[in-house]
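Work through the exercises below with the sequence and the 3D view side by side. Try each task before you read its solution.

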Amino acid sequence: MIDRYGRYVNGLRISVTENCNFNCFYCHREGCPESSREMSPDEIGSIVKIASELGVGKIKITGGEPLLRDDIVDIVAASAKPGIREISMTTNGALLSERAHELAEAGLDRVNISLDTLDAEKFAKITQNGSLEEVLDGINAALEARLVPIKLNMVLLKGINEDEIDRMIDFAGERGMILQLIELVDLNGEDFQEHHLALEEIERKLAAKAIAVRTRRLMQSRKRYLLPNGEVEVVRPMHNTRFCAHCHRLRLTPDGYLKPCLMRNDNLVDILSWVRAGDVDGAKKSFVEAVGRREPYFKRTEKCPHAL
Ligand code: SAM
Ligand code: SF4
């Protein structure tokens, strides 16, 4: 599947629930609107099968918090279809210690675990009730279950955690994990103004310390810095035309709509109704329609040299 801008689609990011056991103050919940429908594991499996037939090779399971679904192991198993090369999950990790091994057995290849701070008090403030200890147990369980390479997702928050970057690089590096520094995305207004941190200066410091720097063209043109004490990847979605130019994923909302862009909800395409009606051709056409509706959210402006 190739869109009007020449970007092919090889990844599907499936949000399996909008519920969460944390309440991170900045959270965009993958930009999914609230709804009453929820996809079953079999329905997710049917959509993944069609996606793989259309050239999708990577599945990312996310949420809300995906581990809140009692049937999450069945969802992973249902996603393990021929042609799917990698199934990964983004989780807050709080429930991971109970489930890491059975998820690995069901076919989960690796996890991203969100961790913005190693300070228990700050952690409780950011998540508005989360326990840092549970997440650290989850990380250990994921390492034991070989859900690797593990990426730690750290959203950078001005005035809260920018002083912890070095500590986080050490923490991740000592355990063989990759640290992803994520720019805060603006989906909820006021907090963005207060806590958004531009990552240019941080990237400059990383570049100065790096042994090598790689640009991951297939992953939204992210830069990966190999440092003496660990690996750091930088995710800069805001106002970044290169991020959009190298976006190769579609999203699926928990209620079964294909979502062409994280930042928009006005161009969703219903696929679950076709799956429920047993109409595979209709479901395939939904993919074609969703890919047709893809367009870069951040496009070229006079100031920006990175044209699409
Ligand atoms: N609950 C899971 C978790 O926290 O990993 C999965 C869902 S969460 C929405 C997925 C990722 O989005 C997390 O790494 C989280 O830190 C990140 N995220 C949420 N809101 C964000 C925002 N406004 N800007 C940047 N990243 C955000
Ligand atoms: Fe959002 Fe994930 Fe935090 Fe839940 S744990 S509030 S889904 S970022």
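**Exercise 1: The shell of ligand 1**

Around ligand 1 there are 18 residues, and Tyr26, Gly64, Ser114, Asn153 and Val185 come nearest. Here a residue is near a molecule or strand if one of its heavy atoms lies within 4 Å of it. This is a predicted model: local features need pLDDT of at least 70, side-chain atom pairs count only at pLDDT 80 or more, and totals for chains, interfaces and linings use all residues. Residues are numbered from 1 along each chain as its sequence is written, chains are lettered from A and ligands numbered from 1 in the order in which they are written, and side-chain values use heavy atoms, with hydrogens and water left out.

Task: Sort the shell around ligand 1 into nonpolar, polar and charged residues.

Solution. Step 1: fix the classes. Ala, Val, Leu, Ile, Met, Phe, Trp, Tyr, Cys and Pro count as nonpolar; Asp, Glu, Lys and Arg count as charged; the others, Gly among them, count as polar. Step 2: count. The shell of ligand 1 has six nonpolar, nine polar and three charged residues. Step 3: find the strands. Strand E3 (86–91) and strand E5 (151–155) each give at least two residues to this shell. Helices (H or I, at least four residues) and strands (E, at least two) are DSSP runs, numbered from the N terminus.

**Exercise 2: Polar contacts of ligand 1**

Task: Find which N or O atom in the side chain of Ser114 or Glu65 pairs with which kind of ligand atom.

Solution. Step 1: recall the rule. A polar contact is a pair of N or O atoms within 3.5 Å; within protein, one must be able to donate a hydrogen and the other to accept it, and residues adjacent in sequence count only if both atoms are side-chain atoms. Step 2: take Ser114. An N or O atom of its side chain is 2.6 Å from an oxygen atom of ligand 1. Step 3: take Glu65. An N or O atom of its side chain is 3.2 Å from a nitrogen atom of the ligand. Step 4: add the backbone. A backbone N or O atom of Tyr26 lies 2.9 Å from a nitrogen atom of ligand 1. Step 5: check the cover. On its own, ligand 1 has 540 Å² of accessible area, and the protein covers 94% of that. Areas come from the Shrake-Rupley method with a 1.4 Å probe; for residues, only the protein chains shown count as cover.

**Exercise 3: Aromatic pairs**

Task: How many aromatic pairs are there?

Solution. Step 1: set the cut-offs. Rings of Phe, Tyr and Trp (its six-membered ring) pair if their centres lie within 6.5 Å; planes under 30 degrees apart count as stacked, over 60 as edge-to-face and the rest as tilted. Step 2: count. The rule gives two aromatic pairs. Step 3: describe one. Phe22 and Phe123 are edge-to-face, 5.8 Å centre to centre, with 85° between the planes. Phe22 is in the loop between strand E1 (11–15) and helix H1 (41–53), while Phe123 is in helix H4 (residues 120–127), 101 residues apart. Step 4: describe the other. Phe25 and Tyr26 are also edge-to-face, at 5.5 Å centre to centre and 80° between the planes.

**Exercise 4: Buried or exposed?**

Task: Is Tyr26 buried or exposed? Do the same for Cys24, Cys27 and Asn161.

Solution. Step 1: use the cut-offs. Buried means under 20% relative accessible area, exposed over 50%, partly exposed in between (1.4 Å probe, protein chains only). Step 2: apply them. Tyr26 has 14%, so it is buried. Cys24 has 18%, so it is buried. Cys27 has 33%, so it is partly exposed. Asn161 has 0%, so it is buried. Step 3: place Asn161. It lies in the loop between E5 and helix H6 (165–174). Its side chain reaches the backbone nitrogen of Leu157 at 2.8 Å.

**Exercise 5: Unusual backbone**

Task: Which peptide bond is cis?

Solution. Step 1: know the background. Most residues other than glycine have a negative phi, and most peptide bonds are trans. Step 2: find the bond. The one from Val148 to Pro149 is cis, with omega near -5°. Step 3: look at phi. Asn129 has a positive phi of about 155°, and Arg146 has a positive phi of about 60°.
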